[in-house]
Amino acid sequence: MDPRLAPDPVLPWLGTPIDARPLFAAEHAALLATLRALEPADWHREAVPGWTVRDLAAHLVGDCYGRLARDRDRHEQGPRPAPGETLEAFIHRINQEWVDAWARVSPAAVTDTLELVGAQVTRLFATADLDSASLGVSWAGADPAPMWLDCAREFTEFWTHRQQVRRAVGQDSDPEPRFLGVVLDTFMRALPHTLRHTDASVGTRVQVRVDGPSGGTWTATATGDRWSLALPDAGPSYAGLSDAGPSAAVVELDAETAWRLCTRGISPAAALARARTSGDRRLVEAVIQIVSVVH
């Protein structure tokens, strides 16, 4: 959907807006530092299935160029889905086409290009209107999505790929709570969409709790027509719902398990084995299917 033609989305069920804009510059710097510290052999290590570290860095360059083309330059001649092609298939196809085209570009040149275009994306988001309509976020069920969610989603993309590079070369995930806290908060906006096919009586609540300084608690409530992360008194759509009483299901995760589950770095079964859960097993198993990337 063209965000210029879309009405401003009013989507209270997504919860309190997130402002990821102040973190882009620091994340961009951290990504460049990670890439510039790599040894020559590191660029050939597998970062995600089928892609090396170099491929992943080239993909990030493509993401930046795509964002600038759409939101800054209003360029309308990019790729389009083929007839009958799903969104997921389209995204995977054009991502692979870009990576294949950049196979001839050296790691140093990829990094230099990422430094240039990543800084431009950082400046673009710094002035973004968080209340405006923007690109859809399929895993949250929002199309168009508010810019605050699109912006936060883009931040999680850069952060997640940096962690995949770190893990590929034997480093632990970056635990910096300023970054990881926003990543987890963004990922949990997938909860209402995750539960969209899960029947429950109005007022039923499920909670996801993530431990540690980056964590928090996210509560989804069944409102009749959808699950919602909004507080029960956030508007007329939720009138009559009570915030009192225990949750029907609770899923507790550590931060590492949570972000890797949401990006399918581990399977729902593996995450469930690590989780602490209570309450309705049917709801627990529905919650653990959360995914916050195009998958």
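A salt bridge here is a side-chain nitrogen of Lys or Arg within 4 Å of a carboxyl oxygen of Asp or Glu. The views below come from a predicted model, in which local features need pLDDT of at least 70, side-chain atom pairs count only at pLDDT 80 or more, and totals for chains, interfaces and linings use all residues. Residues are numbered from 1 along each chain as its sequence is written, and side-chain values use heavy atoms, with hydrogens and water left out.

**View 1. Glutamate 97 and arginine 93 pair along helix α3.** Their side chains meet in a salt bridge, at 3.1 Å from N to O. The two residues are four apart in helix α3 (residues 87–101), which means that about one helical turn separates them. Helices are DSSP runs of H or I with at least four residues, strands are runs of E with at least two, and both are numbered from the N terminus. Glutamate 97 is partly exposed at 41% relative accessible area, and arginine 93 is partly exposed at 28%. (Buried means under 20% relative accessible area, exposed over 50%, and partly exposed in between, with a 1.4 Å probe and protein chains only.)

**View 2. The buried residues of α3 line one face of the helix.** These residues are Phe90, Asn95 and Val99. Seen down the helix axis, they fall within an arc of 160°, taken from the directions from the axis to the C-beta atoms. What do they pack against? Their partners are β2 (51–52) and α2, where contact means heavy atoms within 4.5 Å.

**View 3. Aspartate 150 and arginine 67 link two helices.** Their closest N and O atoms are 2.8 Å apart in a salt bridge. Aspartate 150 lies in helix α5 (residues 147–168) and arginine 67 in helix α2 (residues 53–72), so the pair ties together parts that are 83 residues apart in sequence. Both aspartate 150 and arginine 67 are buried.

**View 4. Aspartate 55 and arginine 54 form another salt bridge.** Here the N to O distance is 3.1 Å. Aspartate 55 counts as buried at 13% relative accessibility, and arginine 54 does too, at 10%. By the rule given at the start, the count comes to 20 salt bridges.

**View 5. Residues 1–5 and 233–237 have pLDDT below 50.** This score is the predictor's confidence in each residue, from 0 to 100. The protein averages 92, and 92% of the residues score at least 70. Residues 1–5 have 10 contacts beyond four places in sequence, while residues 233–237 have zero contacts beyond near neighbours in sequence.
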